Amino acid sequence: MTQELAAVAEPKQASLLTRLNPLRGMNLSSRFWIALVIVAIVMLLGLAGFVYPTGSGEKVGSLYDAPGNGLLLGTDNFGHDVVAVLMAGTRTSLTIGLVAGIVATLIGVAIGLIAGFVGGWVEELLMGFTNVVLAIPSIIVLILISISLPQSTIWSLAIVIGITSWPWTARAVRAQASSVATREHIDVARLSGARLPEILVKDVLPYILSYTVMAFVLQVSGAILAEAALSMLGLGPSGTDSLGTQLHWALAFQAVASGAWWAFLPPTIVLTLVSFGFLLLQASLDEVFNPRLRRGKKKQMKKAAARRAAEARALAEAAASAVDGSSRTRAGESA
Amino acid sequence: MNENATPDPAPHTHRAESASGPQTSADGVVTHSVPTDEAVLSCRNVNKVFNVAGNKVHAVDDVSLDFAAGKVLAVVGESGSGKSTLARMLLRLMPVTSGTITFRGQDVTHIKGAELRRYWTEVQAVFQDPFASFNQFFTVGSLLRRSLKLAAVDKAEADALIEECLGYVGLTPKDALHKYPHQMSGGQRQRVMVARALMMRPKVLLADEATSMLDASLRVNVLNVLHDLKADLGLTVLFITHDIGQATYLSDRVAVMEHGKVVERGTTEEVIFSPQAEYTRRLLADVPDLRGSLKQR
Ligand SMILES: Nc1ncnc2c1ncn2[C@@H]1O[C@H](COP(=O)(O)OP(=O)(O)OP(=O)(O)O)[C@@H](O)[C@H]1O
Ligand SMILES: [Mg+2]
């Protein structure tokens with residue numbers, strides 16, 4: 001009986017697996033690799049500025065020279081080589097994204113960890129504060145802080161972006177930390193004499209590290225976009241090229257109206273690539289961090305397929321016996 | 001170890017104190033006898049009320065118990081009867097709503113900081129889930145070494161202490177220290193947890209459902225470890241379980257809990273062979289092993 005069942009289940013299961021699983025498996029990893037390649041390309045573009053012969057501040061032509069004559073993407077409104085500016089701008093944007101991401105993650109993790117783990121009035125206080133910060137439209141705070149700074153450098157801008165964007169991380173980390181706080185190993189750590197800071201770092205943080213890394217990736221991409229928005233409004237780092245300032249000047253000098261697509265399209269495309277790449281990376285990291293999850297899914301699918309097959313067979317048998325039974329009773333009745 | 005040692009009532013000698021017969025107090029608590037030995041740890045009128053979404057849950061209701069030195073007290077009760085809550089309060093991992101906890105005559109109900117850590121060198125615990133009790137990023141070695149500071153042993157003695165504690169539970173440093181929790185069996189994990197608790201050389205060990213997630217042979221193994229510890233180290237054990245069969249296997253005295261209240265207490269013999277409370281009888285009736293062995297007698 002069980003052998004029969006297995007024999008019936010096997011081909012069905014195999015077909016299910018070949019139909020679904022390899023595709024799934026490929027999707028999972030390819031998503032990650034695509035994200036990694038995109039992020040790597042953007043980073044390489046930023047680093048290429050160090051070896052590119054033309055400097056981003058060098059005047060190589062006049063206003064909006066069209067691509068050609070050895071200039072791959074022509075010139076911008078200052079007569080600078082757009083490729084050189086793009087490389088410098090990408091580097092600046094990535095730097096700002098990274099620094100802001102680190103600042104936001106550090107603050108967010110510290111607050112979320114303490115709130116989630118300690119609980120009680122500490123949690124209410126910290127999360128109340130977080131929600132207040134969250135409720136203030138951060139772009140307005142960014143604008144106000146940026147205006148009030150005497151001179152905005154990429155570092156001040158990065159820090160300003162970082163300290164306005166941590167609340168999301170804090171909330172995500174809080175939820176995770178409070179669920180880890182109820183695990184028995186925390187009690188064991190306390191009984192072993194560990195103090196609060198040690199417990200937070202050694203017993204809670206490792207369990208939420210993957211979420212923290214994912215939150216960090218999101219913060220980086222968010223910070224790059226925030227920088228672009230600020231810079232387009234003219235609040236960007238002074239005297240430095242970034243993807244945002246590039247767009248700012250392109251808008252200010254009528255690049256769109258004069259059809260100089262090479263002045264505004266490249267930074268837009270790089271920005272899109274950056275945010276898409278980081279978002280994709282974040283989405284695929286979940287599976288990379290939890291290989292067990294993935295394998296678990298496959299196993300579950302196998303089991304589910306086998307179960308479905310067994311159920312189907314049992315159902316068929318039941319139906320068959322019911323038919324048998326009913327025909328027999330009917331036969332009995334007629335007799 | 002002993003595969004044949006299925007939990008059955010260990011022979012207990014009759015004690016003089018039980019001669020007077022069970023007494024039922026005004027609130028319905030059946031008390032067969034009170035321990036005559038000096039109590040190491042005791043709690044008086046301990047309550048715990050949880051506020052869950054505006055509703056009050058009286059998880060532990062006016063519990064008073066004494067833990068006689070060198071004896072095993074089993075606390076038995078169904079799931080949700082408040083056993084773990086009581087244990088966590090005794091361990092001072094959770095504050096009491098009211099009541100007092102006394103350790104060697106000293107009130108420890110509200111101690112904090114260094115004093116609390118000193119309390120934990122005397123009172124230790126093993127919990128229900130041997131996997132969740134581990135920080136999965138730590139090896140057994142780092143888990144055990146964590147206790148060294150509190151155990152106040154210097155570096156030279158540390159290795160000897162670790163070896164000694166692993167020895168009590170039948171493990172050796174060579175095959176345990178470098179292992180991560182997922183590289184061990186459930187029984188090994190739980191034995192490592194017992195070894196960890198022993199690092200402090202405690203006087204009292206609370207075992208909260210320490211065997212309930214293990215399968216039968218491992219369960220007997222851990223029960224025997226606890227039994228040997230009591231015999232060899234004079235450890236006072238609080239054995240919490242929902243399985244009255246296991247309680248009788250190990251314990252000298254039994255307290256039965258129902259909905260946060262202690263409904264019956266006495267020596268294991270008294271409670272098992274002349275249960276007074278309805279609830280205790282029901283618990284006993286639910287244990288096939290025990291019923292079988294009772295019939296045999
Ligand atoms: N942290 C908590 N917050 C709110 N209610 C709780 C909390 N811990 C326990 N309770 C409630 O207290 C009651 C007793 O729970 P407890 O865990 O002490 O039972 P138990 O006897 O250990 O059960 P089990 O045998 O299942 O471990 C339950 O009704 C439970 O829902
Ligand atoms: Mg419990």
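Which strand and which helix of chain B each supply at least two residues of the shell around ligand 1? In this predicted model, the elements in question are strand 3, spanning 39–52, and helix 1, spanning 83–90. Of the contributing elements, helix 1 of chain B gives the most to the shell, with 3 residues.

A walk around ligand 1 is a good way to get to know chain B. The surrounding residues begin with B:Phe50, B:Val52 and B:Ala59. Next in the list comes the run B:Glu78, B:Ser79, B:Gly80, B:Ser81, B:Gly82, B:Lys83, B:Ser84 and B:Thr85, and B:Glu209 completes the set. By class, the shell holds 3 nonpolar, 6 polar and 3 charged residues. Several of these neighbours can be described at the level of single atoms. B:Ser81 has a polar backbone atom 3.2 Å from an oxygen atom of ligand 1, and for a polar backbone atom of B:Gly82 the distance to a ligand oxygen is 3.0 Å. With B:Thr85 the side chain takes part: one of its N or O atoms is 2.5 Å from an oxygen atom of ligand 1. On its own, ligand 1 would expose 630 Å², and the protein buries 63% of that area.

Strand 3 also leads on to the sheets of chain B. Strands of a sheet pair through backbone hydrogen bonds, in either a parallel or an antiparallel sense. One open sheet of chain B has 4 strands in the order 4-3-6-7, with antiparallel pairing. Its edges are strand 4 (55–68) and strand 7 (106–107), each of which pairs on one side only. Within this sheet, strand 3 and strand 6 (residues 98–103) are joined in the antiparallel sense over 5 bridges. B:Ser42, for instance, has B:Thr102 of strand 6 as its bridge partner.

Another open sheet of chain B has 8 strands, ordered 1-2-12-11-5-10-9-8, and its pairing is mixed. Here the edge positions belong to strand 1 (23–24) and strand 8 (123–126), and each pairs on one side only. Strand 8 runs parallel to strand 9 (residues 204–208), and 4 bridges join the two. Along this pairing, B:Val123 stands opposite B:Val204 of strand 9.

Chain A offers a view of helix packing. Two packed helices are described by the angle and the distance between their axes. For helix 2 (residues 82–118) and helix 7 (residues 196–232) of chain A, the axes come within 7 Å and cross at roughly 145°. The crossing of these two chain A helices is right-handed. Where helix 2 and helix 7 of chain A meet, the contact has 21 nonpolar, 6 polar and 1 charged residues.

Conventions. Residues numbered from 1 in each chain as written. Chains lettered and ligands numbered in written order. Predicted model: local features only at pLDDT ≥ 70, side-chain atom pairs only at ≥ 80, totals over all residues. Heavy atoms only, no water. Near = heavy atom within 4 Å. Polar contact = N/O pair within 3.5 Å; in protein donor to acceptor, adjacent residues only side chain to side chain. Areas by Shrake-Rupley, 256 points an atom, 1.4 Å probe, with all protein chains shown as cover. Nonpolar A, V, L, I, M, F, W, Y, C, P; charged D, E, K, R; others polar. Axes fitted to C-alpha atoms, helices over the stretch in contact; angles between N-to-C directions. Left-handed = near helix turned anticlockwise from the far one by under 90°. Pairing = 2+ DSSP bridges.
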